[in-house]
Amino acid sequence: MRHARVERWSRGNSAIHRRHAAAKILATLALLISIASLRADAVAACGLYLILLFMVAAKARLPLGPVFRSAAAVVPFALCFAVLTALAGDPARAVRLTVRAYLSSLAALLLIATTPMPDLIAGLECLRAPRFLLQIMQFLYRYLVVLMEEASAMRQAGAARAGSVARLRFRQAAAAVGVLFARSYARAEAIHRAMLARGFEGRIPVFARRSFRLSDAAFVAVAAVLVIGVRAV
Amino acid sequence: MHIPDGFLSVPVWGTMDAIAIPSVALIAKRAQREFDHHRIPLMGVMGAFIFAAQMINFPVGNGTSGHLLGGALLSFTLGPAAASIVMTAILATQALVFQDGGLLALGANVFNMAIAGVLAGYLPYVLLRGKKAGIFLGGVSSVLVSALLALAELFRSGVRMPSAALAVSIGLFVISAVVEGAITLAVMQALERRKPGLVPRPRATGALAAASLALVGAGVFLASQLPDGIQKLALQTGIAARAQAILRSPLAGYKLQILASPVPARLLAGIIGLFVVYILCLGISRILTLSREGA
């Protein structure tokens, strides 16, 4: 599963992994904004950004092949639009769309591949994202795999029982989603009761809050200089 | 449709982020006040539920299959404010963890699907007081509004496609919207059979006003972008005369006589277009529910 692999990458230990999540989010945003606002003819800058991202991935000791392939998940979608744009008489924009979508996706992947989810949430909180939303994201992430396992078990059970009756399949799928909904709802209530029993008061306590150090500030500064420097070339 | 980064121009994603970020903060604050902390685990788990539910395939004929998108279903079951927040959490997780949708384009995606999509889904549901037609129509309009907004944003950013491709993609949007309506209706019925009373009765609150407002806003935006894009396309592809004749004919008289400026004309065209889509959906839902009841 792709998601499990990214999760494993994020648990690594490197100079990049050790930076504060907020610093990495800021650096990623700077790069994304720069990519999005490049001039149409800035081919060299795109190449340099690719090299920059390659160096970050190497520095973080991530497996380069899988990382670069994994970021290409956006390419089929981008290519669809690129082909249409080319057909509408704008082949230069078609190439630009694909290249920029890939670079941006790679940058976002490197962020999550070097930052475990709890750190990322803490970093977003540091940057003043609404805490209510972040807590919901935490629960979502925590129960994602649990409910997906449940859905896949239900799918298998459904296929084993009545998978071949074509006429019933739509209603069967609807019933399965209905059951999944009711089970998820019941699970959420059980989770909440269990949390109340453990003293939950609306905040998920953080045990080891990392502080934003000088080295993190330096990381943001270096990233900003590199991102802006490439544009000047 | 999750717009990746690299597709939208700076003014477009900038504006959409500037609209979406304060809206989400506002809705989050409101939802927080309304629900207290006991809803936090529920909302998170329901977000995970949408991911899981998307693994269950619905056959839609011809060997193809669709799956639940969920905006409308969440708005019926959790209420529009909570549904918006859950959808935002889903989109943020998809962008951050799965690189499905861009980070800069997150504002646009949140606006399309979590704000406009959810409200557009909730509006027919409330107006038809939770009847079957309202459920179906809610699913349809949530997807249609999200998809058309995404398309309008892409056009505004300068992405062009041949008019045949545009027609095909709008056709595909309509089909997937109808599929979402049918799935949402079937799931709501299954849910009602399994756990009567789990789904709250629809309440006409401030959300209704907000929904209408958002829809009118979306309609104006669509109207100001899409016809423009279609016209440019028509000019580009050299079938300008024919396409423009088709496009303009129903409104040609108004445009020349009543409205001198092109902006109100486009606005009117957009609103009429939305209205026509609504009537069409209403008709389809009637036929569908009648045939279901008959069977």
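How many of the 25 residues of helix 6 of chain B are buried? Keep that in mind while you load the model, which is a predicted one, and select helix 6, residues 132–156 of chain B. The count is 24 of the 25, so this helix is largely enclosed by the rest of the structure.

**Stop 1: along helix 6 of chain B**

While helix 6 is selected, put a distance between its end C-alpha atoms: they sit 36 Å apart. At 1.5 Å a residue, a helix of 25 residues should span 36 Å, so the two figures agree. If you're colouring side chains by direction, remember that an α-helix has 3.6 residues a turn, so residues three or four places apart point the same way. Next, click on B:G158, just after the helix, where phi turns positive, at about 100°.

**Stop 2: the rest of chain B**

Now show chain B as a cartoon and colour it by secondary structure. You should get eleven helices and two strands. Starting at the N terminus, the order is α-α-β-β-α-α-α-α-α-α-α-α-α, with the two strands following two helices. Colour by burial next: of the 295 residues in this chain, 52% are buried. Switch on contacts between residues at least 6 apart in sequence, and 77% of them link residues at least 24 apart.

**Stop 3: over to chain A**

Hide chain B and bring up chain A. Here you'll find eleven helices and zero strands, so to speak a run of α-α-α-α-α-α-α-α-α-α-α along the sequence. Turn the C-alpha trace onto its principal axes and it spans about 60 × 55 × 30 Å. The radius of gyration is 22 Å, whereas a compact globule of 233 residues would come in near 17 Å. Buried residues account for 39% of the 233 in chain A. As for contacts with a separation of 6 or more, 78% are between residues 24 or more positions apart.

**Stop 4: where the chains meet**

Show both chains and select the residues in contact across them: 67 from chain A and 61 from chain B. On the chain A side, the helices that each supply at least two residues are helix 1 (2–10), helix 3 (21–36), helix 6 (75–87), helix 7 (91–113), helix 9 (131–162) and helix 10 (169–197). Which helix of chain A gives the largest share of that side? Select helix 10, which brings 20 residues. Finally, colour the chain A side by residue class, and you'll see 47 nonpolar, 13 polar and seven charged residues.

Notes
Residues numbered from 1 in each chain as written. Chains lettered and ligands numbered in written order. Predicted model: local features only at pLDDT ≥ 70, side-chain atom pairs only at ≥ 80, totals over all residues. Helix = DSSP H or I, 4+ residues; strand = E, 2+ residues; numbered from the N terminus. Buried ≥ 20, exposed ≤ 12 C-beta atoms within 10 Å, placed from the backbone. Contact = placed C-beta atoms within 7 Å. Nonpolar A, V, L, I, M, F, W, Y, C, P; charged D, E, K, R; others polar. Rg over C-alpha atoms; globule rule 2.2 N^0.38 Å. Expected span 1.5 Å × (residues − 1).
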